[in-house]
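Trainee: I've got a model open and would like to go through it with you. Can we take it one question at a time?

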Amino acid sequence: MFEFVKHLFKLQFLLILVAVLAGVYYNQIVNWIIKETGNTTDASISAKYDSSALREKLFTRHELAQFNGENGAPLYLAILGRVFDVTKGSKHYGTGCAYNFFVGRDASVSFINGEFEVYDKETADDVVTLNPNDLISLENWVQFYHKEYTHKGILIGRFYNEKGQKTAYHHKYLAILEQAKLGKAKSEQLLEIYPDCNIEWSGERGTHVWCTKASGGKHRQWVGYPRKLYEIGAEKFRCACVNEKDLKTEEVMLKIYDNCAPLAHDCYYKVD
């Protein structure tokens with residue numbers, strides 16, 4: 001029995017060795033077979049494994065513009081330099097339809113600002129000027145297109161160079177996006193610790209903010225006190241319910257509402 005197992009392991013080792021060598025020397029083996037047999041019909045097999053054949057298709061702006069649905073052409077669009085075939089969504093992207101503006105080009109910024117009237121090729125995909133949350137929204141759009149449509153390749157330009165490599169601009173975008181994701185995660189963490197207040201407005205009394213054990217949709221054992229909460233580096237505040245133990249935190253900036261007692265559970269204020 002032991003001899004049989006030892007023989008089996010030797011056989012497995014030889015098969016692995018053959019597989020590795022076949023992978024490393026695949027092209028040489030194929031060329032040798034073609035040379036010895038004179039069979040050139042198998043040349044396409046080597047092309048299948050050629051790294052150049054595995055690269056994504058590169059589109060120039062001019063080439064992408066041809067995929068506009070006219071004269072039976074498919075409908076392609078690009079977002080963040082990635083090209084997708086949206087032909088199956090022609091009721092949305094076809095001529096005269098709501099999203100036809102995106103066809104044949106990269107108009108990434110318009111996914112955020114909703115500008116469908118004027119296309120400026122110099123600014124249409126300049127996304128680093130957007131705010132961080134907008135970059136996260138764009139990334140969600142890319143995921144949507146990957147899920148719903150066919151990815152066809154990449155666009156030579158702002159995000160990819162002529163070799164299909166990411167540009168310096170692309171790396172800058174990715175760095176900003178990563179910071180945006182970290183910032184969003186931090187904000188979500190703070191929202192758990194400092195949930196939103198309840199808010200209502202009336203012409204007579206102004207804005208009413210107050211806290212309960214379920215305000216902000218966060219059920220808890222404590223009520224909390226309304227505070228203006230400023231996250232580090234933020235210019236605007238939100239109303240947060242703060243637990244008594246966190247009133248002296250340095251994690252965020254907290255301000256008491258004017259004319260409101262420090263330990264009141266609700267406050268009224270008017271904006272001039």
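Mentor: Sure, and let's begin with a pocket lining: by class, the second largest pocket has two nonpolar, five polar and two charged residues. Here Ala, Val, Leu, Ile, Met, Phe, Trp, Tyr, Cys and Pro count as nonpolar, Asp, Glu, Lys and Arg as charged, and the others, Gly among them, as polar. Keep in mind that this is a predicted model, where local features need pLDDT of at least 70 and side-chain atom pairs count only at pLDDT 80 or more, while totals for chains, interfaces and linings use all residues. Residues are numbered from 1 along each chain as its sequence is written, and side-chain values use heavy atoms, with hydrogens and water left out.

Trainee: Which helix gives the most to the lining of the second largest pocket?

Mentor: A pocket is an open set of points on a 1 Å grid over the protein atoms alone where a 1.4 Å probe fits, with protein on both sides within 12 Å along at least five of seven lines; lining residues have an atom within 4 Å of a point. The lining includes Asn-131, Gln-179, Gly-183 and Glu-188. Helix H8 (132–148) and H9 each supply at least two residues; helices (H or I, at least four residues) and strands (E, at least two) are DSSP runs, numbered from the N terminus. The top contributor, with six residues, is H9.

Trainee: And what volume does the largest pocket have?

Mentor: Helix H9 (168–193) and E7 each supply at least two residues of its lining, and the largest share, four residues, comes from H9. Of the 16 lining residues, the closest to the centre are Glu-231, Ile-232, Gly-233, Ala-234 and Lys-236. By class, the lining has seven nonpolar, three polar and six charged residues. With grid points joined across faces, edges and corners, and volume taken as the space filled by probe spheres set on the points, the value is about 310 Å³.

Trainee: Let's do sheets. In the one with E7, E8 and E9, what is the average angle between neighbouring strands?

Mentor: The order is E8-E7-E9, an open sheet with antiparallel pairing; two strands pair if DSSP finds at least two bridges between them. E8 (238–242) and E9 (253–255) are the edge strands, each pairing on one side only. Axes are lines fitted to C-alpha atoms, for helices over the stretch in contact, and angles run from 0 to 180 degrees between N-to-C directions. With direction ignored, neighbouring strands of this sheet are turned on average by 50°.

Trainee: In E8, which residue is the bridge partner of Tyr-225?

Mentor: Strand E7 (residues 225–230) runs antiparallel to E8, and five bridges join them. Across from Tyr-225, the partner in E8 is Val-242.

Trainee: Now the four-stranded sheet: how much does the twist average from one strand to the next?

Mentor: That open sheet has the order E1-E4-E3-E2 with mixed pairing. Its edges are E1 (57–59) and E2, each paired on one side only. E3 and strand E4 (residues 150–155) run antiparallel, joined by four bridges, with Asp-85 bridged to Thr-150 in E4. From one strand to the next, the twist averages 40°.

Trainee: What is the phi of Leu-80 in the turn of the E2–E3 hairpin?

Mentor: E2 and strand E3 (residues 82–85) pair in the antiparallel sense over four bridges, and Ile-79 has Arg-82 as its partner in E3. Two residues lie between the strands of the hairpin. Most residues other than glycine have a negative phi. Leu-80 is not a glycine, yet its phi is positive, at about 55°.

Trainee: Is Leu-80 buried or exposed?

Mentor: Buried means under 20% relative accessible area, exposed over 50%, partly exposed in between (1.4 Å probe, protein chains only). For contrast, Asn-71, in the loop between helix H5 (61–65) and E2, counts as exposed because its relative accessibility is 85%. Leu-80 has a relative accessible area of 0%, so it is buried.

Trainee: Last one: which helix gives the most to the largest nonpolar core?

Mentor: Such a core is a set of buried Ala, Val, Leu, Ile, Met, Phe, Trp, Tyr and Cys residues joined through side-chain atoms within 4.5 Å. This one has 29 residues, and those with the most contacts inside it include Ile-79, Leu-80 and Tyr-145. E2, H8 and H9 each supply at least two residues of this core. The most, five residues, comes from H8.
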